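Please open the structure in your viewer and keep the selection tool at hand. This tour goes from one stop to the next, saying each time what to select and what is to be found there.

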Amino acid sequence: MPQLAQKDACELLDADHLAVKHLFVEYARLAKAMPAESTADREALARKICDELTVHTQIEEDIFYPALRQAAPDAGDVIDEGIEEHHEAKVLISQIRELGTAGAEMDKLVAELARAVEHHVKEERDELFPKAKAAPGMDLMSLGEQLRDRQRELEAAASSTDA
Ligand SMILES: [Fe+2]
Ligand SMILES: [Fe+2]
């Protein structure tokens, strides 16, 4: 099989951002267009959103943020803010998971999470990624590989406990 072009760290993270945005859009569409008929689909979407964001925030906190903190000391404040925003997202994620069933309450929480994530992603795109690209010691290709490997590990671990 031909080797697909490797993504660098920022491309990989931004592909995740885009993927989860599509899930939020689909959730909102179903909640609006067919709230009564789409509960099972919304529950599945909410689970996928929560799972994907959990892995995404973890690989950022384990690999991307520490590397950036080291390579670009002036990024420290934005990274601290990012971690704080991850925490806010994690609180909403655990509320959504606890709720489990789709309905007005879940729709409200998912919409709130969508807004929080949109704001956070904008900051990563506008502030963190440019700093990462400008930092002399950042090897974005190698970081991209590390992020991808860790992402696969976490996804495999999550799916083996799902069954
Ligand atoms: Fe991110
Ligand atoms: Fe993030």
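At what angle do α2 and α4 pack, and how far apart are their axes? Before you select anything, please keep in mind that this is a predicted model.

**First stop: α2 and α4**

Select helix α2, which covers residues 39-71, and then add helix α4, which covers residues 104-134. The two helices pack at an angle of about 25 degrees, and their axes are 12 Å apart. An angle under 35 degrees counts as roughly parallel, and α2 and α4 are therefore described as roughly parallel to each other. If you turn the view to look at how they cross, the crossing of α2 and α4 is left-handed.

**Second stop: α3 and α4**

Keep α4 on display and select helix α3, residues 76-99, in place of α2. The axes of α3 and α4 come within 10 Å and cross at roughly 160 degrees. Because angles over 145 degrees count as roughly antiparallel, this pair of helices, α3 and α4, is roughly antiparallel. The crossing of α3 and α4 is left-handed, and the contact of α3 with α4 has, by class, 12 nonpolar, 5 polar and 8 charged residues.

**Third stop: the iron ion (ligand 1)**

Now select the iron ion (ligand 1) and show the side chains that coordinate it, which are H17 and H56, each through NE2, and E60 and E124, each through OE, at 2.0 to 2.2 Å. The 4 donor atoms subtend angles of 82 to 171 degrees around this iron ion (ligand 1), which makes the arrangement irregular. Along the sequence, the donor residues of the iron ion (ligand 1) follow the spacing H-x38-H-x3-E-x63-E. Distant parts of the chain are linked here, since H17 lies in helix α1 (residues 9-33) and H56 in helix α2, 39 residues apart. Are H17 and H56 buried or exposed? H17 is buried, with a relative accessible area of 5%, and H56 also counts as buried, at 6% relative accessibility.

**Fourth stop: the iron ion (ligand 2)**

Select the iron ion (ligand 2) next, and you will find that E60 (OE), H86 (NE2), H120 (NE2) and E124 (OE) coordinate it at 2.0 to 2.1 Å. The angles among the 4 donor atoms run from 85 to 171 degrees, and the site of the iron ion (ligand 2) is irregular. In sequence, the spacing of the donor residues of the iron ion (ligand 2) is E-x25-H-x33-H-x3-E. Here, too, distant parts of the chain are linked, with E60 in helix α2 and H86 in helix α3, 26 residues apart. H86 counts as buried, at 1% relative accessibility.

With both ions on display, which residue coordinates both of them, and how far apart are they? The residue is E60, and the iron ion (ligand 1) and the iron ion (ligand 2) are 3.2 Å apart. E60 counts as buried, because its relative accessibility is 0%.

**Last stop: along α4**

Finally, select E105, whose place is in helix α4. With a relative accessible area of 40%, E105 is partly exposed. If you then select A132 as well and draw a distance from C-alpha to C-alpha, E105 and A132 are 38 Å apart in space and 27 residues apart in sequence.

Technical notes. Residues numbered from 1 in each chain as written. Chains lettered and ligands numbered in written order. Predicted model: local features only at pLDDT ≥ 70, side-chain atom pairs only at ≥ 80, totals over all residues. Heavy atoms only, no water. Donors = N, O, S within 2.8 Å, 3.2 Å for Na, K, Ca; no water. Tetrahedral: all angles 85-135°; square planar, octahedral: opposite > 155°, others 65-115°. Helix = DSSP H or I, 4+ residues; strand = E, 2+ residues; numbered from the N terminus. Buried < 20%, exposed > 50% of the residue type's maximum accessible area, 1.4 Å probe, protein only. Axes fitted to C-alpha atoms, helices over the stretch in contact; angles between N-to-C directions. Parallel < 35°, antiparallel > 145°, perpendicular 65-115°, else oblique. Left-handed = near helix turned anticlockwise from the far one by under 90°. Nonpolar A, V, L, I, M, F, W, Y, C, P; charged D, E, K, R; others polar.
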